[in-house]
Amino acid sequence: MLKLVNVEVRYHEVILVIRGVSLEVRKGQIVSLLGANGAGKTSILKSISGILRPEDGRVTDGSVEFKGQPIHNLEPYEIAELGILQVMEGRRIFEHLTVEENLLTGAILHGNGRTKEDLEKIYRYFPKVLLHRKRIGGYLSGGEQQMVVIGRALMGRPELLLLDEPSLGLSPLLMKEIFSILGEVNRDEGISMLIVEQNAKIALDLSKHGYVLENGRIVMDSPSDKLKDNEDIKEFYLGLSELGKRRSYRDFKHYSRRKRWL
Amino acid sequence: MEKILNYVMVGLANGCIYSLVAIGFVLIYKSSGILNFAQGSIVILSAYVFYSFSMQFGIPLLVSIAMALVFGAFLGFCIERFMLDRLIGQPILAVIILTLAFSEFLKGTMYLGWGTDILNAPPLFPKGEISLFGAGHLDYSRLAFLIITFILISGFALFYNKTKTGLSMKATADDTVVAGSVGIRVRKVFALTWIISCVTAAAGGILLTNIMGVNYQVGEIGYKAMAVALVGGLESLPGIIVIGPLMGIVEFLAAAYLDPLVGGGMRDLAPFIILLIVLIIRPYGIFGWKRIERI
């Protein structure tokens, strides 16, 4: 459904942050995109949703295709109307609007139609949000804000949801809750998702397929289960090592180990 | 006692016009962070246009009013589309200075086109006054100001709070980038913001012709409206609706009771004294948004 072919992204015409990335999200699939800080994860999402432009960024090579149609030169609202919505990093709620108004802004891109049923659906997925529907968005807790922001995107009835670090700054319990709701939404509504995460475990548990990004390049591309078993992923992203075994000091010299794949 | 009530009513009516003009400041500031220095010039330019339509071209009064309002809308659209749209992503200060330059440009044009004399526009309302419970009286035109601004402002408030377009405007005012990401057509919202701001400014200008005549100096009202917007809080529509009339009342009371002591000029000074005090104590205005920070 979504296909990136050799995408290159530059900011201010000179700063090259994405160097020829290709990836694919199939219909109904959840795909995770992992990588360290500054690897270019967010830039990839922005190149898909079209909000590179306010930051003076541009797709300078390759193409972003949605259902076979190139979309990398469209305005954000046009992309949203096609069915791709991004949940931006850092819980970007409309701080001075009430929770319900926040959700309603998500429905603006459609006609008047089924707004009411959509609202009820969101409240069903996120019962906590219903409790606060009249409150001002800026005063909600982090987890609640994240739920509102995801709900707002769902109000736009997307076919593909781009999630930028939904776990950022949330307690492990809330993280679990939100990811299990995402799984539910994916199952019930058939919405495809591309999830950018630092928390590799939770993302790989939910997704079918994963990509690992380093320095603006895809360095790994395989099913999530395989990624979870990969020694390098285990060590660098999952923080696992073989506990309980005696380890020689050589192993602690992690700098002697391969950390870059390209 | 009778006198005080009179001053209060007259100030109230004048203050409503400040609110009307200040709506433009607040809307534009909220949606794009720009402080529009040209607001006052737009007010008076619309008044001139109204004058020309009705007096020079002899177009019937109501039609001239409608045409002047349409002119305001067109002006707003042009400012946004042909000047500001090109400056998206540029430093906000450049845009603010641009509005200042545009304001001076408009003043110069008006000076060239209509001269410096105070022109008399056709009266909008019949002459006469009503008495207020025997405690004072108010002339018809100021009474009409009260009613008209009340209708315009409440109509606008309904539009802003109850319609989808109003919601898009609110969302864009809150966070432009996110508004774009949820599928709001941000450029359309910007254009609409400028159109509404200029139409309300034009409405204020047309009303003002009735009490002050038409002269490019009347554009100074823009600065008073800016003071109202700043005191109320630049992000707050309820703020200016409350502060505008209050400012008008303070102005007239200051003129009545302080002028004899200091020898005049308090009417124009009072709003700015209040502005100074408010800004020192609450820099974001009385009803302004203090950014919501949660830790």
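A residue is called buried here if 20 or more other C-beta atoms lie within 10 Å of its own, exposed if 12 or fewer, and partly exposed in between, with C-beta atoms placed from the backbone. Helices (H or I, at least four residues) and strands (E, at least two) are DSSP runs, numbered from the N terminus.

The model is predicted, so local features need pLDDT of at least 70 and side-chain atom pairs count only at pLDDT 80 or more, while totals for chains, interfaces and linings use all residues. Residues are numbered from 1 along each chain as its sequence is written, and chains are lettered from A and ligands numbered from 1 in the order in which they are written.

**Exercise 1. Work out which residues of helix 9 of chain B are buried, and check the span of this helix.**

Start with burial. The buried residues are Ile221(B), Gly222(B), Lys224(B), Ala225(B), Met226(B), Ala227(B), Val228(B), Ala229(B), Leu230(B), Val231(B) and Gly232(B). That is eleven of the twelve residues, so helix 9 of chain B is largely enclosed by the rest of the structure.

Next, the span. The expected value is 1.5 Å times one less than the number of residues. For residues 221–232 of chain B this gives 16 Å, and the end C-alpha atoms are indeed 16 Å apart. Finally, look just past the helix: Gly233(B) has a positive phi of about 110°.

**Exercise 2. Describe how helix 6 and helix 8 of chain B pack.**

First, the geometry. Helix 6 (residues 164–174) and helix 8 (residues 186–212) of chain B meet at an angle of about 100°, and their axes are 10 Å apart. Axes are lines fitted to C-alpha atoms, for helices over the stretch in contact, and angles run from 0 to 180 degrees between N-to-C directions. Angles of 65 to 115 degrees count as roughly perpendicular (under 35 is roughly parallel, over 145 roughly antiparallel, the rest oblique), and these two helices of chain B are therefore roughly perpendicular to each other.

Second, the residues. Ser168(B), Met169(B) and Thr172(B) of helix 6 touch Val186(B), Val189(B), Leu192(B) and Thr193(B) of helix 8, where contact means C-beta atoms, placed from the backbone, within 7 Å. By class, this contact has four nonpolar, three polar and no charged residues. Ala, Val, Leu, Ile, Met, Phe, Trp, Tyr, Cys and Pro count as nonpolar, Asp, Glu, Lys and Arg as charged, and the others, Gly among them, as polar.

**Exercise 3. Place strand 8 of chain A among its partners.**

Begin with pairing: two strands pair if DSSP finds at least two bridges between them. Strand 3 (residues 30–35) of chain A runs parallel to strand 8 and is joined to it by five bridges, with Leu33(A) partnered by Val196(A). Strand 7 (residues 160–164) of chain A also pairs with strand 8 in the parallel sense over five bridges, and Leu160(A) stands opposite Ser192(A).

Now turn to burial. Ser192(A), Leu194(A) and Val196(A) on one side and Met193(A), Ile195(A) and Glu197(A) on the other are all buried, which covers both faces of strand 8 of chain A. With six of its six residues buried, strand 8 (residues 192–197) of chain A is largely enclosed by the rest of the structure.

**Exercise 4. Trace the open sheet of chain A with order 2-1-4-5 and find its edges.**

The sheet has four strands with antiparallel pairing. Strand 2 (15–25) and strand 5 (69–70) of chain A stand at the edges, each with a single partner strand, so one side of each lacks a neighbour in the sheet. Strand 1 (residues 2–11) and strand 2 of chain A are joined antiparallel by eight bridges, and Leu2(A) faces Val25(A).

**Exercise 5. Find residues of chain A other than glycine with a positive phi, and say whether they are buried or exposed.**

Recall that most residues other than glycine have a negative phi. Asn6(A) has a positive phi near 45° and lies in strand 1 of chain A. It is exposed, with 12 C-beta neighbours inside 10 Å. Glu13(A) has a positive phi of about 70° and sits in the loop between strand 1 and strand 2 of chain A. With 10 other C-beta atoms within 10 Å, Glu13(A) is exposed.

Conventions
Two residues are in contact if their C-beta atoms, placed from the backbone, lie within 7 Å.
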